[in-house]
Amino acid sequence: MDVRNLRTFMKVAELNNFTKAAAELGYSQSAVTVQMQQLETELGLPLFDRIGKNITLTQYGTNFIEYAGKVIEAMERAENFASDLSEMKGTIRFGIVDSILYACFIGIFPEFSRRCPNISLKVYVGSAREIETKIRANELDLCYMLDYKVPRKEWVRVREEIEPIIFVASPKHPLASKESVSFEELIGCKLMLMPQGEGYRYLFDDELAKRNLYATPAVEISSTEAMLSLAESSDYVTMLPVFAAREHIRSGRLSKINVANCDMQQWSQLAYLKGKALTPQLQMFIDTLRELLPPLQTEPSRL
């Protein structure tokens with residue numbers, strides 16, 4: 001049922017005149033006549049008595065006013081729903097790895113809440129594997145992962161960047177002053193890494209396997225913030241995405257260790273599974289991220 005026909009019906013019922021209704025609505029009289037005929041055909045009931053040039057509502061027409069008014073009101077609310085942010089309600093379930101969370105999102109969540117005060121954000125912080133599992137189980141709506149490149153045929157990638165992974169340590173560390181160190185020299189230090197199977201640890205393990213080497217980290221820890229803090233205040237060497245460590249390097253709290261012939265990288269990806277319904281709330285969140293998220297990538301040579 002065309003809502004335009006309902007609006008025309010309400011105007012005709014108000015004025016009891018096709019010609020006047022057509023003039024107010026900007027239609028021709030013949031268009032109004034056709035619309036009312038279409039509506040009566042759909043309902044299978046006569047809405048007007050047409051006697052000579054005069055029209056009057058039938059009892060069916062009088063009774064239909066209430067129903068038509070409710071439908072029009074509901075349609076107007078629906079049409080205004082996406083544009084009236086203050087009226088948007090609901091919950092967005094967002095998964096993110098902690099390195100991206102602390103590097104980029106601390107200021108974005110409050111701004112989104114300011115713009116859309118009635119939308120609740122449920123943020124899940126976990127590993128890329130945990131997040132992917134929850135996305136596939138429809139326990140999350142959208143995610144920001146740092147991992148291998150997810151397949152395009154299954155995912156909609158809203159944003160993606162290659163992220164270099166580097167080794168860092170305190171500026172006081174003996175390796176910090178060297179122009180270049182070998183991978184063998186690196187693994188002879190006290191290493192602080194993600195646990196096996198988490199984050200970017202697989203990149204390190206792949207490097208060991210390629211070189212037929214073995215190393216046992218002194219500390220395994222899942223928190224990027226803890227790794228940054230411990231690296232500053234100890235003699236640990238750790239590996240982190242450039243975006244997570246760049247401010248610490250620029251401020252002199254950490255130094256990048258230049259490891260020869262070692263180029264490690266992952267993909268940061270803001271994505272959701274194909275087939276996920278993009279509600280106005282979710283689209284608004286995505287648009288906010290597109291607007292406010294800075295580029296994560298920084299060339300290691302610029303640090």
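A helix here is a DSSP run of H or I, at least four residues long, numbered from the N terminus. Keep in mind that you're working with a predicted model.

**Exercise 1. Place R201: which helix is it in, and is it buried or exposed?**

Step 1. Find the element. R201 sits in helix α9, which spans residues 201-210.

Step 2. Check the cut-off: buried means under 20% relative accessible area. R201 comes in at 4%, so it counts as buried.

Step 3. See what R201 touches. Skipping neighbours within four places in sequence, its contacts are L193, M194, P195 and Q196, plus P217 and E220.

**Exercise 2. Work out how much of α11 is covered, and by what.**

Step 1. Count the buried residues. Helix α11 runs over residues 242-250, and seven of those nine are buried, which makes the helix mostly covered.

Step 2. Name them. The buried set is V242, F243, A244, A245, R246, H248 and I249.

Step 3. Look for the cover. Among the elements lying over these buried residues are two helices, α5 (98-105) and α10 (224-233). Strands contribute too, including β5 (142-147), β6 (155-169), β9 (237-241) and β10 (255-257).

Step 4. Glance past the end of the helix. Right after α11 comes G252, with a positive phi of about 85°.

**Exercise 3. Describe how α10 packs against α11: what is the crossing angle, and which residues meet?**

Step 1. Get the geometry. The two axes, those of α10 and α11, come within 11 Å and cross at roughly 30°.

Step 2. Classify the angle. Anything under 35 degrees counts as roughly parallel, so α10 and α11 are roughly parallel to each other. Their crossing is right-handed.

Step 3. List the partners. From α10 you have T224, L228 and E232; they meet A244, A245 and H248 of α11.

Step 4. Sort them by type. The residues of this contact split into three nonpolar, two polar and one charged.

Step 5. Think about the spacing. An α-helix has 3.6 residues a turn, so residues three or four places apart point the same way. Now look back at T224, L228 and E232 on the α10 side of the contact.

**Exercise 4. How many disulfides are there, and why is C262 not bonded to C189?**

Step 1. Set the cut-off: the two cysteine sulfur atoms must be within 2.5 Å.

Step 2. Apply it. The count comes to zero disulfides. C189 is in none, and the nearest cysteine sulfur to it, that of C262, is 13 Å away.

Step 3. Turn it round. For C262, the closest cysteine sulfur is the one in C189, and 13 Å is too far for a bond.

Step 4. Add the surroundings. C262 is buried, at a relative accessible area of 18%.

Terms used:
Residues are numbered from 1 along each chain as its sequence is written. This is a predicted model: local features need pLDDT of at least 70, side-chain atom pairs count only at pLDDT 80 or more; totals for chains, interfaces and linings use all residues. Side-chain values use heavy atoms; hydrogens and water are left out. Buried means under 20% relative accessible area, exposed over 50%, partly exposed in between (1.4 Å probe, protein chains only). Contact means heavy atoms within 4.5 Å. Axes are lines fitted to C-alpha atoms, for helices over the stretch in contact, and angles run from 0 to 180 degrees between N-to-C directions. Angles under 35 degrees count as roughly parallel, over 145 as roughly antiparallel, 65 to 115 as roughly perpendicular and the rest as oblique. A crossing is left-handed if the near helix is turned anticlockwise from the far one by less than a right angle, and right-handed if clockwise. Ala, Val, Leu, Ile, Met, Phe, Trp, Tyr, Cys and Pro count as nonpolar, Asp, Glu, Lys and Arg as charged, and the others, Gly among them, as polar.
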